[in-house]
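Notebook open; today I'm looking at how some helices pack. Structure first, then my notes.

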Amino acid sequence: QASPHQPEFPPRQPLCARRAARYLDAMGGASSFIAMLSIAGFLGMAWIATKVSRLAGVSSIVLEITTGVVLGPAMLGLVSKEYTECQHARHIDCTEPPNLKELIAEGKPLGEGLGMIANMDYCPKEQYMHHAEGEGHGGHEDSVAEHVHEDSDAAVHSTDGVHRRLSGGGSYATYEECLVKSCEAEISHECQLTPDFFTLIGHAGVALMIFESGMHFDFEKAGKVGPKACIVAVFGTITPLITGAILTVIYGRPLMPDGVSVGTALAPTSVGIALRLLGEAKVLQEDFGQAIITAAFVDDILSLVLFNVLFSLRGEFDLFAVVIAPIIGITFMLIAMYGAVKFWPKFINEFVLPRVPPKAPGAKVSSQDEVLFLMMMIVLVVYATATYFLGTHLWGCFIAGMSFACLDKNHHAHHVWVKQTKRATSWMIRIFFSATVAFSIPVSKLLSIEAFLKGSLMGIGPCILTKVCCAPFMGPAKFVIGWAMVGRAEFA
């Protein structure tokens, strides 16, 4: 058996695969052609899935995700794992070695991943060791886990002032568990900052789609359905939170942090899925379509607050993230909505565009449309950047789109945007569902009977029924609105 000090190498490919690779190298030289061919085949199948769904008269989301799962690295592996995982996940191993306790006791290297966490302030070793010694020599009946849990509930302060945090420095029973879980949380955090290129393209597509949906926002209709839509959002956030937490406790897990974490993860609605469905059905401008969009975004704002509260429960209370940032964000949104109605139409139509010199006759795109498109991109980047520091850039994308919703009754601004971005956005959204979402599904972990049964119960109850039944007062469209709120993806 290899020494734990030795570097770990990735598992070798099967013999037949290695021979095939050597044969291909001998025939055409080592190149990236096979990788390009595999990705082209995957994208082609995703495109076919979209077309088949449209011919069948159903949404393409399910078939696109199914295509990604089947052809992805979890099953057939048409797309190599190197293209579906971020660099940190590929190169840093957080697996707990069987002799971890001995390595810690002897002061030996723990490997790159666990060693990285041991040198950070997530897991104060002295505190865990102090509790372990107290249990062994003091004769107390409380376990180490209970001691650490009590300290966490007090304020999660270690003796030297180090704060521990949830899911990456949270309350753990042992020092070894803290190292492993904190390592996994750190890798997840780094992968969100620098994701693989499929994920990056998918997230960019969602941002563009949400901006475009903001341009469909009807302020008059939103004024009619807005108050009820906000109530729908409250029900759609609170009921999954409560029922998810209760079911997690029934499964034998603690309420804090496991139960509340599960409930919080089930709370947000996927704006991307809702917009895709409304767009395919061409009902985005209907009253219930506006209600769905309003409810989905309010739902996500409330869920964002829940996330910030959750991560503050086991550490120092973050006043800015929990209280100040949401207040600033809502204030910014209200100001931007006023600007969308009163400022932008006059500023663009009466001040900017009349001063743009025209192009020569016969130009495919007028100079006014080019300036308008440039202004859209600038507002999109500025607003998305502003709300990124308040919680999520998607909020700013929608607000930016709303700024161009009232330019004219013929929606010329939307026509300009679609003309320049339609094909790129369509492919990015297709990649979002067939790659970003599909590749993140842990197929191997879902194959056990226990995971399937518990997951199915969690999916039917807290995940689906709570959302379907969140709009009982919305009239004939109550179940349409409820089903549209079911989807989870980019935010959860």
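I count a contact when heavy atoms lie within 4.5 Å. Helices here are DSSP runs (H or I, at least four residues), numbered from the N terminus. This is a predicted model, so I kept in mind that local features need pLDDT of at least 70 and side-chain atom pairs count only at pLDDT 80 or more. Residues are numbered from 1 along each chain, and side-chain values use heavy atoms, without hydrogens and water.

**Entry 1: helix 15 and helix 18**
I looked up who touches whom: P326, G329, I330, F332, M333, A336, M337 and A340 of helix 15 meet W395, I399 and M402 of helix 18. By class, I get 10 nonpolar, one polar and no charged residues in this contact (Ala, Val, Leu, Ile, Met, Phe, Trp, Tyr, Cys and Pro count as nonpolar, Asp, Glu, Lys and Arg as charged, the others, Gly among them, as polar). The axes (lines fitted to C-alpha atoms over the stretch in contact, with angles from 0 to 180 degrees between N-to-C directions) come within 9 Å and cross at roughly 15°. Helix 15 and helix 18 are therefore roughly parallel (under 35 degrees).

**Entry 2: helix 2 and helix 3**
Here the axes also come within 9 Å, but I find a crossing of roughly 150°. So helix 2 and helix 3 run roughly antiparallel (over 145 degrees). The contact involves, among others, F42, M45 and A46 of helix 2 and L63, E64 and T67 of helix 3. I note seven nonpolar, four polar and one charged residues there.

**Entry 3: helix 17**
Which residues of helix 17 are buried (under 20% relative accessible area, 1.4 Å probe, protein chains only)? I noted ten names' worth of list, including S367, D369, L372 and T387. The buried residues pack against helix 10, helix 15, helix 16, helix 18 and helix 19.

Technical notes. Helix = DSSP H or I, 4+ residues; strand = E, 2+ residues; numbered from the N terminus. Parallel < 35°, antiparallel > 145°, perpendicular 65-115°, else oblique. Buried < 20%, exposed > 50% of the residue type's maximum accessible area, 1.4 Å probe, protein only.
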